[in-house]
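User: Please take a close look at a single part of this structure, the surroundings of ligand 1, and set that part in its wider context. I am new to this structure, so a connected account would be welcome.

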Amino acid sequence: MKEMLNREPFALAAFSLVILLMPIWLTPFGANYPDLLQKFAIFAIFAMGFNILFGLTGYLSFGHAAFLGVGSYAAVWSFKLFTMNVIPAIFFGVAFAGIFALAIGYVSLRRSGIYFSILTLAFAQMSYNLAYSVLTPITNGETGLQLTLQDPRIIDNAFTTPGAGLPETNLFGIDMSGYPGFYFCAVVLIICFFITRRIFNSPFGLTLRGIKSNQNRMGYTGLNTRPYTLTAFVISGMFAGLAGSLLAVTDPLAGAERMQWTASGEVVLMTILGGVGTLIGPMLGAWLIKYLENIFSSFNEITLEHFFSFLPEGLQSFAVELASLFVGEGWHLTLGVLFMLIVIFLPGGLMEGWRRLLRRFSGGGGGKSEPAAAVQPAE
Amino acid sequence: MVANSVLHVADVHKSFGGLKALSDVDLNVEEGTTHAIIGPNGAGKSTLLNVCVGRIRPDSGHVVFNGEVLDNHTPFEINQLGVSRVFQTPEIFSDLTLLDNVMIPAFASRDGAFSLRPFSKLRHEATIREEAEKTLADVGLEVMKDREAGSLSRGDKRRLELAMCLIQHPKLLLLDEPTAGMSRHDTNRTVDLLKTIKERGMTKVIIEHDMHVVFSLADKISVLAQGRIIASGTPDEIKGNPKVQEAYLGGAH
Ligand SMILES: Nc1ncnc2c1ncn2[C@@H]1O[C@H](COP(=O)(O)OP(=O)(O)O)[C@@H](O)[C@H]1O
Ligand SMILES: [Mg+2]
């Protein structure tokens, strides 16, 4: 029986290799510097977790950035109050996001389809607005939550005398900036991949897919769908909180803009671009978006003028004018165009493109790798 | 109420707006029997099953299953008590494989309405997988077990849904036109399968238009017309009943 072969160690080894060697194989793409690599790992976690909810159960949340934000705030508070060690920070990030997700999920999951999406969006916008208003003592409002020299940091200060400047986040003494920061995020990503893969291949994951496929049937099959969807919601909220706390680990500040609806929308795009319901698609989508964002948002008029310098004067300024709509601040326009193209021509995202390629080259035999649920819009 | 009754529908009324879909319906299904419900289209047959599985609440009256009154039970609770149903329009998991379709109900029966073990492995569920394969073989779908359920023909979808119910070993199986849309050959196969199940002692309620199927399976027949049970009895009694001839059999034959 083919199912009896345990592929887990191979999948894990291959995945770990790809992730840990990112600084090398991303060099030709000019993407091998720590800041970007950290983002790749962090947003991969965010998208992977989001996919456990959206990809498996079909419930499309438009408010997941709220959990990202909660994770960041909790982590920064842990740095301020207790210690610069990152382990407690990510613990609190995940825990608070989980509690928050439990509350929001409990209410939102009373509805399905578009009503569920609207509810999650409303809750996230509420959190965003609260962060700017009544919650300023916790969030520090528009300035954002930052480390200060007056922070109590009771655990650290009990053992060492604080230095002159602001301390760095660390993992038992190893600074979490630069490459060490990336490798830390990379290891967390590998653990998340392992967890996600287990969920995908468990009876629990199968049940979640059943909910996406035909929720009505589930009831007459003896399954209570609410606790299943709520568990998926909380797990994906915890992944988001983890991603948020890692953002704080690599750069210890937290602002409310992290919870804005555009951030919630971005993770939806990542998941769809990569391939809804597939194991690694959402991660690929996250990489693609963060990579393109990095390129396109760094362009400005001067680089464009340089780029189009081969054109005659009048044409050049026209080309620059047109192109500048799509770069810098306008990079979201590029993202929108890309998104439309993918949804129209590759509705299954990058993973569908990959499967089509495999089919073409294996002469119709079709290599089937990871479980890839058929792509379907949310119920 | 009869002593060995598995399902007892007592004085159930249900209206949709002005339409009386069920009026004063009484029904007793005895253990181990196959009880057929026949009647013209729109008579309220599916509505009666909907009341039994908790999809619809009756306006008045009760449904009693194995001594338990099902007034406030949700569909999943009723299924956990031992009632499985094949719907008139197949309700399956279209974008899962046939094997997955049958394994989900098997897990539901074994682990209950909710079981949180997100890290246990499907790969290790050999017993359930074997049982699922066997059940698919029973309905003649084993060669297609890795196909996506949505790609099946209408008749095959029904057989899949039957397998999804059978794997739960329900105490009561409700079948809403299980052979509609099937070829003669497939209909006969399904009848044979239902006969084997009967030998195992499973209680069944079957809604069916095909009189050949009804008379070869049923121990008892109830005739529903315009929301009322107009006759109930053994197949011979029903055949000879002039009221039934007039309301249904005459027209259908
Ligand atoms: N959910 C519903 N809402 C409104 N009317 C319904 C509903 N379900 C059934 N009906 C009506 O009740 C009557 C009985 O329907 P049904 O039980 O499906 O008949 P059948 O005996 O053909 O299965 C029909 O007139 C149908 O239109
Ligand atoms: Mg009907």
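Analyst: The following account begins with the ligand, continues to the metal ion and the helix beside them, and ends with other places in the two chains.

The model is predicted, so local features need pLDDT of at least 70 and side-chain atom pairs count only at pLDDT 80 or more, while totals for chains, interfaces and linings use all residues; side-chain values use heavy atoms, with hydrogens and water left out. Residues are numbered from 1 along each chain as its sequence is written, chains are lettered from A, and ligands are numbered from 1 in the order in which they are written.

The shell around ligand 1 consists of B:F16, B:L19, B:A21, B:P40, B:N41, B:G42, B:A43, B:G44, B:K45, B:S46 and B:T47, where a residue belongs if one of its heavy atoms lies within 4 Å of the ligand. By character, these residues divide into five nonpolar, five polar and one charged. In that division Ala, Val, Leu, Ile, Met, Phe, Trp, Tyr, Cys and Pro count as nonpolar, Asp, Glu, Lys and Arg as charged, and the others, Gly among them, as polar.

Oxygen atoms of ligand 1 make several polar contacts (pairs of N or O atoms within 3.5 Å; within protein, one must be able to donate a hydrogen and the other to accept it, and residues adjacent in sequence count only if both atoms are side-chain atoms). A polar backbone atom of B:A43 is 3.2 Å from a ligand oxygen, and a polar backbone atom of B:K45 is 2.8 Å from one. B:S46 contributes through its side chain, a polar atom of which lies 2.8 Å from an oxygen of ligand 1. Taken alone, ligand 1 exposes 550 Å², and the protein buries 60% of that; the areas come from the Shrake-Rupley method with a 1.4 Å probe, and for residues only the protein chains shown count as cover.

Two elements of chain B, β2 (19-30) and α1 (45-52), give two or more residues to this shell. Such helices (H or I, at least four residues) and strands (E, at least two) are DSSP runs numbered from the N terminus. The largest share, three residues, comes from α1(B).

B:S46 also takes part in a second site. The magnesium ion, ligand 2, has as protein donors B:S46 (OG) and B:Q88 (OE1), lying 2.1 Å from it. Donors are N, O and S atoms within 2.8 Å of the metal (3.2 Å for Na, K and Ca); water is not among the atoms, so sites may look incomplete. The pair links distant parts of the chain, for B:S46 is in helix α1 of chain B and B:Q88 is in the loop between β6 (83-86) and α3 (98-111), 42 residues apart. B:Q88 is partly exposed, with a relative accessible area of 31%; buried means under 20%, exposed over 50%, and partly exposed in between (1.4 Å probe, protein chains only).

How many of the eight residues of α1(B) are buried? Seven of them are, so the helix is largely enclosed by the rest of the structure. The buried residues are B:K45, B:T47, B:L48, B:L49, B:N50, B:V51 and B:C52. Just after the helix, B:G54 takes a positive phi of about 85°.

Most residues other than glycine have a negative phi. B:D24, although not a glycine, has a positive phi of about 55°. B:D24 lies in strand β2 and is partly exposed at 40% relative accessibility. B:N66, likewise not a glycine, has a positive phi of about 50°; this residue lies in the loop between β4 (60-65) and β5 (68-69) of chain B and is partly exposed at 42%.

B:F65 belongs to strand β4 and is buried, with a relative accessible area of 2%. The C-alpha atoms of B:F65 and B:S5 are separated by 8.3 Å, although these residues are 60 apart along the chain.

Finally, the cysteines may be considered. Over all chains the structure holds zero disulfides, a disulfide being a pair of cysteine sulfur atoms within 2.5 Å. The sulfur of B:C165 has that of B:C52 as its closest cysteine partner, 14 Å away and therefore too far for a bond. B:C165 is itself buried, at 2% relative accessible area.
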